[in-house]
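Reader: Got a minute to walk me through this one? I'd like to start with how you name the pieces.

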Amino acid sequence: MEVVIVPTVQDAAAVVVEAITAALHRRPAPVLGVATGSSPLPTYRLLVTAVGAGRLSFATASAVLLDEYVGLPLDHPQSYRTFIRTHLTDLVDLDPRRLHGPDVGADDLPAACAAYEQLLLELGGVDLQLLGIGSDGHIGFNEPSSSLTSRTRIKTLTEQTRRDNARFFGALGEVPRHVVTQGLGTIAAARHAVLVATGAAKAGPVAAAVEGPLTAMCPASVLQLHPHATVVVDEPAASGLRLAGYYRDVFAAKPAWQGL
Ligand code: GLP
């Protein structure tokens with residue numbers, strides 16, 4: 001795992017964009033795994049600017065959702081499909097038919113989850129999966145106690161996650177209880193996993209994920225097993241890391257040819 005500590009939120013976004021740019025050039029039809037939440041927003045703004053300036057293109061790319069609420073219409077303002085369309089895919093040159101997510105409206109949800117796993121395979125796998133981290137260490141919507149090898153499936157949100165996400169809804173009661181999320185095993189299959197976390201509130205979960213034990217109680221700790229995982233944090237989010245000095249030294253001395 002590589003930990004990149006940068007001074008500001010904007011710097012973190014710039015590092016993530018560098019990784020995404022590299023991933024988009026790795027295959028003729030690349031696949032970007034997209035996450036919701038506030039953490040990736042500065043990254044999405046930079047991507048939109050880069051595409052507008054002609055420095056980057058999604059023309060041959062697909063985007064795949066990390067997770068989705070169950071019970072919201074797909075065009076609901078808080079559905080994750082709407083979120084990703086609003087903040088990224090409608091603003092760049094990605095073919096709207098190549099934005100994919102699990103079919104959470106299906107009568108047979110387990111079959112829809114299996115179909116989503118199959119789709120990811122048919123697309124050739126995910127080149128880069130962007131991730132945020134929840135206050136309880138979740139990635140996607142894999143709550144604590146999630147199997148470390150889980151695949152896409154239905155999950156029930158914890159009260160804490162529902163409260164964290166209530167800010168996007170009118171009231172706590174409007175936050176769905178159920179979601180479909182890529183599993184930890186699904187996320188682990190992405191060629192490059194990039195977690196971005198900024199702000200002091202993320203210091204605890206980041207430290208647990210990076211330096212704590214590998215445990216289902218901190219689902220993001222599964223990234224410790226990933227052969228190519230990058231954790232990009234600003235200084236406040238890095239404040240709980242014991243080896244912060246070492247991570248800074250490693251990054252400062254990184255050979256240019258290595259990339260992210
Ligand atoms: C939700 C999403 C996660 C995201 C998390 C943190 O739970 N399912 O993918 O990482 O929120 O969001 P934020 O970045 O706003 O703190």
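Author: Sure. Helices and strands here are DSSP runs, helices of at least four residues and strands of at least two, numbered from the N terminus. Keep in mind that this is a predicted model.

Reader: Fine. Where is Ser39 found, then?

Author: Ser39 is in the loop between strand 2 (31–34) and helix 2 (41–52).

Reader: And is Ser39 buried or exposed?

Author: Ser39 counts as buried because its relative accessible area is 11%, and buried means under 20%.

Reader: What is Ser39 in contact with, leaving aside neighbours within four places in sequence?

Author: With those neighbours left out, Ser39 is in contact with Val196 and Lys202.

Reader: On to the ligand. How many residues surround the ligand, and which are the closest?

Author: The ligand is surrounded by 15 residues, and the closest are Ser38, Ser39, Asp67, His138 and Lys202. So Ser39 and Lys202, which are in contact with each other, both turn up in that closest group, with a contact meaning heavy atoms within 4.5 Å.

Reader: Which polar side-chain atom lies 2.8 Å from a nitrogen atom of the ligand?

Author: That one belongs to Asp67. There are backbone partners too: a backbone N or O atom of Gly140 lies 3.1 Å from a nitrogen atom of the ligand, and a polar backbone atom of Ile133 is 3.3 Å from an oxygen atom of the ligand.

Reader: How much of the ligand does the protein bury?

Author: The protein buries 93% of the 390 Å² that the ligand exposes when taken alone. The space taken by the ligand is also the largest pocket.

Reader: Changing topic: helix 3. Which of its residues are buried?

Author: Helix 3 covers residues 80–87, and its buried residues are Tyr80, Thr82, Phe83 and Ile84.

Reader: What do the buried residues of helix 3 pack against?

Author: They pack against strand 2, helix 2, strand 3 (62–65), strand 4 (67–69), strand 5 (99–100) and helix 5 (159–165).

Reader: And the loop leading into helix 3, the one with Gln78? What does Gln78 touch?

Author: Gln78 sits in the loop between strand 4 and helix 3. Leaving aside neighbours within four places in sequence, Gln78 is in contact with Tyr69, Leu72, Phe168 and Phe169. A polar atom of the Gln78 side chain lies 3.0 Å from the backbone oxygen of Phe168. As for Phe169, its C-alpha is 7.4 Å from that of Gln78, although the two are 91 residues apart along the chain.

Reader: What's odd about the phi of Ser145?

Author: Ser145 has a positive phi of about 90 degrees although it is not a glycine. For background, most residues other than glycine have a negative phi.

Reader: Where is Ser145, and is it buried or exposed?

Author: Ser145 lies in the loop between strand 6 (128–131) and strand 7 (153–156). Ser145 counts as exposed because its relative accessibility is 54%, and the cut-off for exposed is over 50%.

Reader: Now Val232. Where does Val232 lie, and what does it touch?

Author: Val232 lies in strand 10 (residues 229–234). Not counting residues up to four places away in sequence, Val232 touches Val4, Ala12, Val15, Val16, Val194, Leu195, Val196 and Ala197. With a relative accessible area of 1%, Val232 is buried. Val196 is one of the contacts of Ser39 as well.

Reader: And Leu241, which place does it have and what is it in contact with?

Author: Leu241 is in the loop between helix 8 (235–238) and helix 9 (244–252). Leu241 is buried, at 7% relative accessible area. Apart from neighbours within four places in sequence, Leu241 is in contact with Val3, Ile5, Val206, Ala207, Val210, Glu211 and Tyr247.

Reader: Last one, Leu46. How does Leu46 count on accessibility?

Author: Leu46, which is in helix 2, counts as partly exposed because its relative accessibility is 26%. Leu46 touches Gln10, Ala13, Ala14 and Val17, not counting residues up to four places away in sequence.

Methods: Residues are numbered from 1 along each chain as its sequence is written. This is a predicted model: local features need pLDDT of at least 70, side-chain atom pairs count only at pLDDT 80 or more; totals for chains, interfaces and linings use all residues. Side-chain values use heavy atoms; hydrogens and water are left out. Buried means under 20% relative accessible area, exposed over 50%, partly exposed in between (1.4 Å probe, protein chains only). A residue is near a molecule or strand if one of its heavy atoms lies within 4 Å of it. A polar contact is a pair of N or O atoms within 3.5 Å; within protein, one must be able to donate a hydrogen and the other to accept it, and residues adjacent in sequence count only if both atoms are side-chain atoms. Accessible areas come from the Shrake-Rupley method with a 1.4 Å probe; for residues, only the protein chains shown count as cover. On a 1 Å grid over the protein atoms alone, a cavity is a set of points where a 1.4 Å probe fits but cannot get out, and a pocket is an open set with protein on both sides within 12 Å along at least five of seven lines; lining residues have an atom within 4 Å of a point. A molecule sits in a cavity or pocket if more than half of its atoms lie within 2 Å of its grid points.
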